[in-house]
Amino acid sequence: MTSTPIPPVVPDTDLTTEAELEGPSRPRKLTRLEKRAIAAKGKLSSPWASFLAILIALLWTIPSVGLLVTSFRPELDIRRSGWWTVIPGIFTGEAEFTLDNYDQALYGSGSNLSTYFVNSFVITLPAVVIPITLALLAAYAFAWIEFKGREILFVAIFALQVVPLQVALVPLLRDYVTVGLNGTFWTVWLSHSIFALPLAIFLLHNFMKDIPRSLVEAARVDGAGHVKIFFQVLLPLLVPAIASFAIFQFLWVWNDLLVGLTFANTSSYPLTVRVAEMAGSRGGDWHILTAGAFISIIVPLIVFVALQRYFVRGLLAGSVKG
């Protein structure tokens, strides 16, 4: 009986993987941005950098801690000893704290900061929304709409950032008096919006330019116009940049003294103006002054701590390219 020979097995070339044909994979070459990121990480993770960061944080935090502790101490204790003397008493239970300073600062006849606290919110919120709204429209036009003189106009707007706001105070005040807006909230809203627009347009324009053009072109192929592209395609991608500038503008307007003192009247003064007056007229009342100062910084502190990740992401977005 003759056995039938078994044919040799031929490997299927179609099943051969691309990796087997090319041989062992070679390591990918790092980009310049990746090399810079690795170098920066090595520098920032060194013990000396960590020590320096902790030292700066302590030096930056100690005055705020002293202000907070002093604002809760009774008036006589503030006059007798420094705030650091309370630290041992906190552990032994001998330290004495009170809320009378905040009650007197907010509702006392001599300070009444509650009204000015509300005024600061009334001034800050529109002064954040107005420039962001206008800057978004302007940044979209500069980034995605072709028109004559676009580059020259953008450079001119960018150059306005170097103009000190103090130079424009008197001309603006004269114009407000002419049109009858002086002494109203509108003067403060418009002034803050005018001073914020150049930076807002610059930041949002740079962020928009980093969005892939193919994304916008695909939306145009699908029949989307400028309005649909702006609201449905670009706006969701701009959230980090918008949040970043909103935080920056909120902190700037809330802590502003010069614009509010120049354009607002006594009924629309922000909180910073009243705290500055307390420092001048009631410099000896440390128990009220420290409470008023901490009231003025608590809102910006909460906003920054709660939204700092958006602030950092928005500032870094568009700053480097691979």
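How much space lies in the largest cavity? I opened my notebook with that one, and the value I found is about 50 Å³. A reminder to myself: this is a predicted model.

**Entry 1: the cavities**

I looked up how many cavities there are of 30 Å³ or more, and the count comes to 2. I then asked which residues line the largest cavity. My list reads S120, I123, T124, V188, H192, V253, W254, D256, G260 and P270. Sorted by class, this lining has 5 nonpolar, 4 polar and 1 charged residues.

Next I wanted to know which helices supply at least two residues each of that lining. They are α7, which covers 113-144, together with α10 and α13. With 3 residues, α7 gives the most to the lining of the largest cavity.

**Entry 2: α10 beside α13**

Two of those helices made me curious, so to speak, about packing. Two packed helices are described by the angle between their axes and by the distance between the axes. For helix α10 (residues 185-209) and helix α13 (residues 239-254), I noted an angle of about 160° and axes 10 Å apart. Angles over 145 degrees count as roughly antiparallel, and α10 and α13 are therefore roughly antiparallel to each other. I also wrote down that α10 passes α13 in a right-handed crossing.

Which residues make this contact? From α10 I listed H192, A196, L199, A200, L203, L204 and F207. From α13 I listed A241, I242, F245, F248, Q249, W252 and V253. The contact residues divide into 12 nonpolar, 2 polar and no charged. I spotted two familiar names here: H192 and V253 belong to this contact, and both H192 and V253 also line the largest cavity.

**Entry 3: α8 beside α10**

I stayed with α10 and turned to another partner, helix α8 (residues 150-159). At what angle do α8 and α10 pack? I found about 125°, with the axes 8 Å apart. That angle falls outside the ranges for roughly parallel, perpendicular or antiparallel, so α8 and α10 are oblique to each other. Their crossing is left-handed, whereas α10 passes α13 in a right-handed one.

On the α8 side, F154, I157 and F158 take part in the contact. They meet P198, I201, F202 and H205 in α10. By class, I have 6 nonpolar, 1 polar and no charged residues here.

**Entry 4: my recap**

Helix α10 packs with α13, packs with α8, and supplies at least two residues of the lining of the largest cavity. Neither contact has a charged residue, while the lining of the largest cavity has 1.

Methods. Residues numbered from 1 in each chain as written. Predicted model: local features only at pLDDT ≥ 70, side-chain atom pairs only at ≥ 80, totals over all residues. Heavy atoms only, no water. Axes fitted to C-alpha atoms, helices over the stretch in contact; angles between N-to-C directions. Helix = DSSP H or I, 4+ residues; strand = E, 2+ residues; numbered from the N terminus. Parallel < 35°, antiparallel > 145°, perpendicular 65-115°, else oblique. Left-handed = near helix turned anticlockwise from the far one by under 90°. Contact = heavy atoms within 4.5 Å. Nonpolar A, V, L, I, M, F, W, Y, C, P; charged D, E, K, R; others polar. 1 Å grid on protein atoms, 1.4 Å probe; cavity = no way out; pocket = protein on both sides within 12 Å on 5 of 7 lines; lining within 4 Å. Points joined across faces, edges and corners; volume = space filled by probe spheres on them.
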